[in-house]
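Me: I would like to learn how to read a protein model feature by feature. Could we begin with how two helices pack and then move outward to single residues?

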Amino acid sequence: MDMSLVFFSQLNMCESKEKTFFKLMHGSGKEETSNEAKIRAKEKRNRLSLLLQRPDFHGETHASRSALLAKETRVSPEEAVKWAESFDKLLSHRDGVDAFTRFLKTEFSEENIEFWVACEDFKKCKEPQQIILKAKAIYEKFIQNDAPKEVNIDFHTKEVIAKSISQPTLHSFDAAQSRVYQLMEHDSYKRFLKSEIYLHLIEGRPQRPTNLRRRSRSFTYNDFQDVKSDVAIWL
């Protein structure tokens with residue numbers, strides 16, 4: 001037999017064995033990596049389960065959200081005291097509006113002050129096209145049914161606005177704004193004056209995180225997103 005043929009035959013056999021060996025090794029590595037990944041995933045789920053069962057978990061969630069609400073302000077105690085004279089006095093001061101907005105966020109009713117501010121800005125419009133565009137934006141955000149920040153106004157007022165929104169005027173939202181103003185003045189404003197946010201301002205002390213008055217609802221994934229830092233520690 002030709003020796004060259006024997007040599008190449010043996011060489012091909014060796015290459016075939018090497019390929020088979022590397023395939024086995026590579027496959028084994030994949031299986032091992034897959035198993036390790038499954039084990040790590042299971043450990044993470046177990047740790048997450050323990051985290052969710054911690055009795056102080058919801059308290060930590062509140063604190064992380066509240067920390068976002070406690071912003072520093074340079075308003076003097078003397079100026080803050082004047083806000084208790086009337087609701088108009090509070091709204092006439094930018095820092096007053098900011099502090100009141102932070103308070104309403106703790107009650108999940110910030111849409112009221114946001115609507116009032118939007119109406120005040122709307123009244124400053126001068127160009128017809130600007131009036132139309134801003135009126136539509138306000139209507140879609142605060143007035144129409146299932147609006148993302150729908151305010152609490154009566155059916156008649158809402159209907160009047162809906163019929164006139166195609167040709168709005170600077171007074172299109174007057175009735176709704178007045179209604180929301182009264183709700184805030186006779187309800188939220190009184191609680192604001194007793195809140196920690198306001199009391200710390202008039203006493204000239206730094207504001208501490210404010211406990212949120214949570215609506216009664218089940219824990220959701222969105223709540224968990226607020227405490228990513230805690231999860232990172234566990235994982």
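**Reading helix packing and single residues**

Reply: Helix 6 passes helix 9 in a left-handed crossing. Please keep in mind throughout that this is a predicted model.

Me: Which residues does each of these helices cover, and at what angle do the axes of helix 6 and helix 9 cross?

Reply: A pair of axes is described by how closely they approach and by the angle between their directions. Here helix 6 spans residues 111–122 and helix 9 spans residues 174–192, and their axes come within 10 Å while crossing at roughly 140°. Helix 6 and helix 9 are therefore oblique to each other, given that an angle has to be over 145 degrees to count as roughly antiparallel.

Me: Which residues of helix 6 meet helix 9?

Reply: From helix 6 the contributors are Asn112, Ile113, Phe115, Trp116, Cys119 and Glu120, and they meet Ala176, Gln177, Val180, Tyr181 and Met184 of helix 9. Sorted by class, this contact has 8 nonpolar, 2 polar and 1 charged residues.

Me: How do helix 6 and helix 7 lie relative to each other, parallel or antiparallel?

Reply: The angle is again the quantity to read. The axis of helix 6 and that of helix 7, which covers residues 128–143, come within 11 Å and cross at roughly 170°, and the two helices are therefore roughly antiparallel. On the helix 6 side the contact consists of Glu111, Glu114, Phe115, Ala118, Cys119, Asp121 and Phe122, whereas helix 7 supplies Ile131, Lys134, Ala135, Ile138, Lys141, Phe142 and Ile143. The classes in the contact of helix 6 with helix 7 are 9 nonpolar, no polar and 5 charged residues.

Me: Phe122 appears in that list; is Phe122 buried or exposed?

Reply: Relative accessible area answers this kind of question, and a residue counts as buried when the value is under 20%. Phe122, which is found in helix 6, has 1% relative accessibility and so counts as buried. Leaving out residues up to four places away in sequence, Phe122 touches Ile131, Lys134, Ala135, Ile138, Thr169, Leu170 and Phe173. A distance adds a further reading, since the C-alpha atoms of Phe122 and Ile132 are 10.0 Å apart in space for a sequence separation of 10 residues.

Me: What does Ser188 contact, once its neighbours within four places in sequence are set aside?

Reply: Ser188 belongs to helix 9 and, at 5% relative accessibility, counts as buried. Its contacts beyond those neighbours are Phe100, Phe103, Leu104, Glu107 and Leu183.

Me: Where do Arg94 and Glu203 lie, and what are their relative accessibilities?

Reply: Arg94 is found in helix 5 and counts as exposed at 71% relative accessibility. Its C-alpha atom is separated by 9.8 Å from that of Val75, with their positions 19 residues apart along the chain. Glu203 sits in the loop between helix 10 (196–202) and helix 11 (221–225), and is partly exposed, with a relative accessible area of 45%. Glu203 and Pro77 are 126 residues apart in sequence, yet their C-alpha atoms are 6.1 Å apart in space.

Me: Which sign of phi should I expect, negative or positive, for most residues other than glycine?

Reply: Most residues other than glycine have a negative phi, so a positive value deserves a second look. Phe108, in the loop between helix 5 (94–106) and helix 6, has a positive phi of about 55° although it is not a glycine. Asp146 is another case, with phi near 65°; Asp146 is found in the loop between helix 7 and helix 8 (155–164), and is exposed, with a relative accessible area of 72%.

Me: How many helices and strands does the protein have, and what share of its residues is buried?

Reply: For the whole chain one counts elements and then reads totals. The protein has 12 helices and 0 strands, and buried residues make up 30% of its 235 residues. Among contacts with a separation of 6 or more, 66% come from residues 24 or more positions apart. The protein exposes about 16000 Å², and carbon and sulfur atoms supply 54% of that area.

Key
Residues numbered from 1 in each chain as written. Predicted model: local features only at pLDDT ≥ 70, side-chain atom pairs only at ≥ 80, totals over all residues. Heavy atoms only, no water. Helix = DSSP H or I, 4+ residues; strand = E, 2+ residues; numbered from the N terminus. Buried < 20%, exposed > 50% of the residue type's maximum accessible area, 1.4 Å probe, protein only. Contact = heavy atoms within 4.5 Å. Areas by Shrake-Rupley, 256 points an atom, 1.4 Å probe, with all protein chains shown as cover. Axes fitted to C-alpha atoms, helices over the stretch in contact; angles between N-to-C directions. Parallel < 35°, antiparallel > 145°, perpendicular 65-115°, else oblique. Left-handed = near helix turned anticlockwise from the far one by under 90°. Nonpolar A, V, L, I, M, F, W, Y, C, P; charged D, E, K, R; others polar.
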